Amino acid sequence: MSIAGADGKTHDVSAERRNGWISVEPDEDGQALTIAVDEDAVREWVSARADSDAVEVEDGIEQVGEDGEVVKVLTEKKAGLEITNTDAVADELIAAMKGTTPLEAAFDSKKIEPEVEQVEAPKDEEEAGDEESTTPSNPTGEKWIDVDLTNKTVTAYVGDTPVWGPRKMVDGKPGNETVTGTYDIYLRYDRQDMTNANNYPEGHEKYYYNPDVPWVQYFHRGYGFHGAPWRSSFGFSGSHGCINMPVSDAKWLYDWASIGTKTVVHY
């Protein structure tokens with residue numbers, strides 16, 4: 001038994017795996033034995049294969065000049081791939097396991113086109129003597145992140161050159177203010193469950209549990225950047241202390257930064 005994958009590869013359903021899903025049980029009358037299939041286990045396995053075939057879309061970010069022409073690509077775009085018939089494939093496999101139909105399953109997919117956000121390129125500044133200094137196409141210097149708690153923004157810099165941002169964010173609300181100072185990113189997770197269950201029991205008004213929080217980067221103790229898919233707007237104080245960002249922004253910062261990237265948090 002096998003399932004045709006979206007990218008041409010094949011997902012084999014080994015005899016050993018099938019045996020793990022099958023059990024023999026008496027029927028309702030207790031007069032005969034019937035084959036029972038662990039349908040939940042089958043669906044979980046099919047879903048995992050579909051996830052391995054899927055490709056997450058990656059939106060692009062471009063810097064554009066005053067004439068609207070692209071001067072630099074900050075983040076390359078990448079098309080995504082979504083599996084559209086996971087449940088149907090699981091149904092086919094379950095039916096085949098019960099011996100009612102042959103297995104001729106294949107994952108169907110659709111292409112997800114990425115979006116491209118255009119941001120204004122840093123402007124040249126005039127210096128004394130009417131000479132202009134131009135921003136280099138490849139800025140040099142240390143990567144660092146500026147967190148402006150007054151304007152509620154995050155900006156990425158290389159040396160003195162802003163290469164991304166300022167982007168709106170949500171910082172700590174009163175009583176949970178975001179820490180200020182200069183720090184380095186010391187811990188990163190592409191996904192992490194977040195909760196304060198150690199301080200407040202479930203049901204308490206201050207208790208929270210957010211599973212699979214994306215693109216997490218800690219810069220001081222429990223303070224960090226992360227995506228906040230539960231928010232529809234940004235630019236105010238409302239978090240438990242972390243810097244909440246749109247998921248696409250948090251991913252861009254995660255891909256750009258690394259362990260040790262300097263982070264300056266200030267008013």
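When I say buried today, I mean a residue with under 20% relative accessible area. Keep that in mind for helix α4, where the buried residues are D249, A250, K251, W252, L253, Y254 and W256. One caveat before going on: this is a predicted model.

So, α4 covers residues 247-256, and with seven of its ten residues buried, the helix is largely enclosed by the rest of the structure. You'll notice that the buried set includes D249 and K251 as well as W252 and W256.

Just past that helix, have a look at I259, in the loop between α4 and β23, the strand at 262-266. Is I259 buried or exposed? At 53% relative accessibility, I259 counts as exposed. Still, I259 has company: setting aside neighbours within four places in sequence, I259 is in contact with I185, Y186, L187 and R188. And to give you a feel for distance, I259 and V89 sit 41 Å apart, C-alpha to C-alpha, with their positions 170 residues apart in sequence.

V89 takes us over to the other helix I wanted to show, α3. V89 is one of the buried residues there, along with T86, A90, L93, I94, A96 and M97. Look down the axis of α3 and those buried residues fall within an arc of 160°, so they line one face of the helix. As for its length, α3 runs over residues 86-97, twelve of them, and spans 17 Å from first C-alpha to last, close to the 16 Å expected at 1.5 Å a residue. After α3 comes G99, with a positive phi near 80°.

Now, who meets the end of α3? V37, for one. Leaving out residues up to four places away in sequence, V37 touches M97 and K98, plus W21 and V42. V37 belongs to strand β4, residues 33-37, and at 13% relative accessibility V37 counts as buried. W21 is 16 residues away from V37 along the chain, yet their C-alpha atoms are separated by 5.6 Å.

On to the largest pocket, which holds about 710 Å³ of space. Which residues are closest to its centre? Of the 29 that line the pocket, they are N176, N196, Y208, H240 and G241. Several strands chip in with two or more lining residues: β18 at 187-195, β19 at 209-220, β20 at 223-227 and β21 at 236-239. β18 gives the most, with four residues. What's the lining made of? There are 15 polar residues, nine nonpolar and five charged.

Last topic, the backbone oddities. As background, most residues other than glycine have a negative phi, and most peptide bonds are trans. Strand β19, which we just met at the pocket, has two residues to look at here. D212 lies in β19, and its phi is positive, near 55°, in a residue other than glycine. W215 is also found in β19, and W215 has a positive phi of about 55° although it is no glycine either. W215 counts as buried too, given its 10% relative accessibility.

And then there's a cis peptide bond, running from G165 to P166, with omega near 5°. P166 lies in strand β15, residues 161-168. If you're turning the model around on screen, those are the spots I'd like to talk through: G165 to P166 for the cis bond, D212 for its positive phi, and W215 for its positive phi.

Methods. Residues are numbered from 1 along each chain as its sequence is written. This is a predicted model: local features need pLDDT of at least 70, side-chain atom pairs count only at pLDDT 80 or more; totals for chains, interfaces and linings use all residues. Side-chain values use heavy atoms; hydrogens and water are left out. The expected span of a helix is 1.5 Å times one less than its number of residues. Buried means under 20% relative accessible area, exposed over 50%, partly exposed in between (1.4 Å probe, protein chains only). The arc is that of the directions from the helix axis to the C-beta atoms. On a 1 Å grid over the protein atoms alone, a cavity is a set of points where a 1.4 Å probe fits but cannot get out, and a pocket is an open set with protein on both sides within 12 Å along at least five of seven lines; lining residues have an atom within 4 Å of a point. Grid points are joined across faces, edges and corners, and a volume is the space filled by probe spheres set on the points. Ala, Val, Leu, Ile, Met, Phe, Trp, Tyr, Cys and Pro count as nonpolar, Asp, Glu, Lys and Arg as charged, and the others, Gly among them, as polar. Contact means heavy atoms within 4.5 Å.
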